[in-house]
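Q: I am new to this structure and should be grateful for a close look at one part of it, set in its context.

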Amino acid sequence: MQGRGELQLAVLVEIMKREGFELTVGKPQVVTKMVDGKLHEPMERLSIDAPEEYLGVITQLMALRKGRMEQMVNHGTSWIRLDYRVPSRGLIGFRTEFLTETRGTGLLHHVFDGYEAWHGELRTRSTGSLVSDRMGAVTSYALYGTQDRGSIFVEPGDEVYEGMVIGENSRSEDMDVNCVREKKLTNMRASGTDESERLIPAKKLNMEGALEFCREDECVEVTPAVVRIRKVILDGSTRARLTSKNKRANENS
């Protein structure tokens, strides 16, 4: 499937979902082409209007996406306009993060602006994933001990399986967690142990949010009843060996 941005792809997948289809969608990728034997990728001309107090945050976000600032205009009204030239793949998932960092006050617009040589690897997501390490029903007791690790996407009673992404890790690496662990019952009582667990409400991702969140090694599983994110390789041991192999290869290169 091809579309103009993740929103258009999300609309198409949502239509198929409502028609009863079940499908798995990978991370959106840009359409590249070869020019004189070299790989080229599409570029975007991005215009941003935002309060000047968010200049530092916006500059940092664009630096991670290898955006090149071409012009900055201060209107003298505490608002600034920034013009960037940025790889199209750097804008995947950018709108949501941009609105969050500018507290909904920022405005952005981008148009296609030709091709340039491949800009190398982009790491647009600084957080990892919380991955379920077994099948079962989610328990509130397990979530209570997991919610300090980051944002949670599931609620008590939801069915999960090995390799399913159940949340966002606050650190950069992925973490396998047991979210189906039950509290061991005993005939002993102690002060404070019978207090109910207070859970932070789950963060529910829509279709567009799920496509923005997933990485290259993840995909979005779509059914008429639910939308969830999973690892392409479900087995945790296989993923760990592959991660170690890639890490050694990067160190040797």
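Into which domains is the chain divided? Please take the part that holds the salt bridges around R89 as the main subject.

A: The model is a predicted one. Its chain is divided into domain 1, covering residues 41-117, and domain 2, made up of 128-184 + 195-251. Between the C-alpha centres of domain 1 and domain 2 there is a distance of 30 Å. The chain as a whole has six helices and 14 strands, and its C-alpha atoms fill a box of roughly 70 × 50 × 45 Å along the principal axes. Of the 253 residues in the chain, 37% are buried.

A record bears on the part in question. An unreviewed UniProt entry places the feature "domain: Elongation factor EFG" at residues 38-126. Over that stretch, 38-126, the chain is 20% helix and 46% strand. The C-alpha atoms at the two ends of the stretch are 29 Å apart.

The close look may begin with R89. This residue lies in the loop between β5 (79-87) and α3 (94-101). Its side chain meets that of E41 in a salt bridge, with a distance of 2.4 Å from N to O. E41 belongs to strand β3 (residues 38-51), and the pair links distant parts of the chain, 48 residues apart. E41 has a relative accessibility of 0% and therefore counts as buried. R89 has a relative accessible area of 15%; the limit for a buried residue is under 20%, so R89 is buried as well. R89 also takes part in a contact of another kind, for it lies over the face of W118, at 3.8 Å from the ring centre. R89 thus has a salt bridge to E41 and a place over the ring of W118.

A further contact between a charge and a ring involves Y115. The charged end of K33 sits over the ring of Y115, at 4.3 Å from the centre of that ring.

Helix α3 brings in another salt bridge. E97 forms this bridge with R65, and the closest N and O atoms are 2.9 Å apart. E97 lies in helix α3, whereas R65 lies in the loop between α2 (55-64) and β4 (68-74), so the pair ties together parts that are 32 residues apart in sequence. The two partners can be set side by side in their accessibility. E97, at 28% relative accessibility, counts as partly exposed, while R65, with a relative accessible area of 1%, is buried.

Salt bridges also form a network here. The linked residues are R45, R68, E70, R85, D113 and E116. In the whole structure, a search finds 20 salt bridges.

For context, domain 2 may be considered next, with its bounds at 128-184 + 195-251. Strand β7 (residues 128-132) is mostly covered, as five of its five residues are buried. β7 has two partners to describe. With strand β11 (residues 164-169) it pairs in the antiparallel sense over four bridges, and L130 stands opposite G167 in β11. With strand β12 (residues 175-177), β7 runs parallel, the two being joined by three bridges; here S132 stands opposite V177.

A salt bridge is found between two other strands. The side chains of E218 and K231 meet at 2.9 Å, N to O. E218 lies in strand β13 (residues 218-222) and K231 in strand β14 (residues 227-231), so the pair ties together parts that are 13 residues apart in sequence. Both partners are buried: E218 has a relative accessible area of 1%, and K231 has one of 0%.

Aromatic contacts complete the account. The structure holds three aromatic pairs, one of which is formed by F153 and F213. The ring centres of F153 and F213 are 5.3 Å apart and the ring planes stand at 85°, so this pair is edge-to-face. F153 lies in the loop between β9 (150-152) and β10 (159-160), and F213 in helix α5 (residues 207-213), so the pair ties together parts that are 60 residues apart in sequence. F153 and F213 are both buried.

To return to the main subject, R89 is in the loop between β5 and α3, with E41 as its salt-bridge partner and the ring of W118 beneath its charge.

Notes:
Residues numbered from 1 in each chain as written. Predicted model: local features only at pLDDT ≥ 70, side-chain atom pairs only at ≥ 80, totals over all residues. Heavy atoms only, no water. UniProt positions renumbered as here; feature names shortened; annotations may be inferred. Phe/Tyr/Trp six-rings, centres within 6.5 Å; stacked < 30°, edge-to-face > 60°. Buried < 20%, exposed > 50% of the residue type's maximum accessible area, 1.4 Å probe, protein only. Lys NZ or Arg CZ within 6 Å of the ring centre and 35° of its normal. Domains from an automatic or database assignment. Pairing = 2+ DSSP bridges. Salt bridge = Lys/Arg side-chain N within 4 Å of Asp/Glu carboxyl O.
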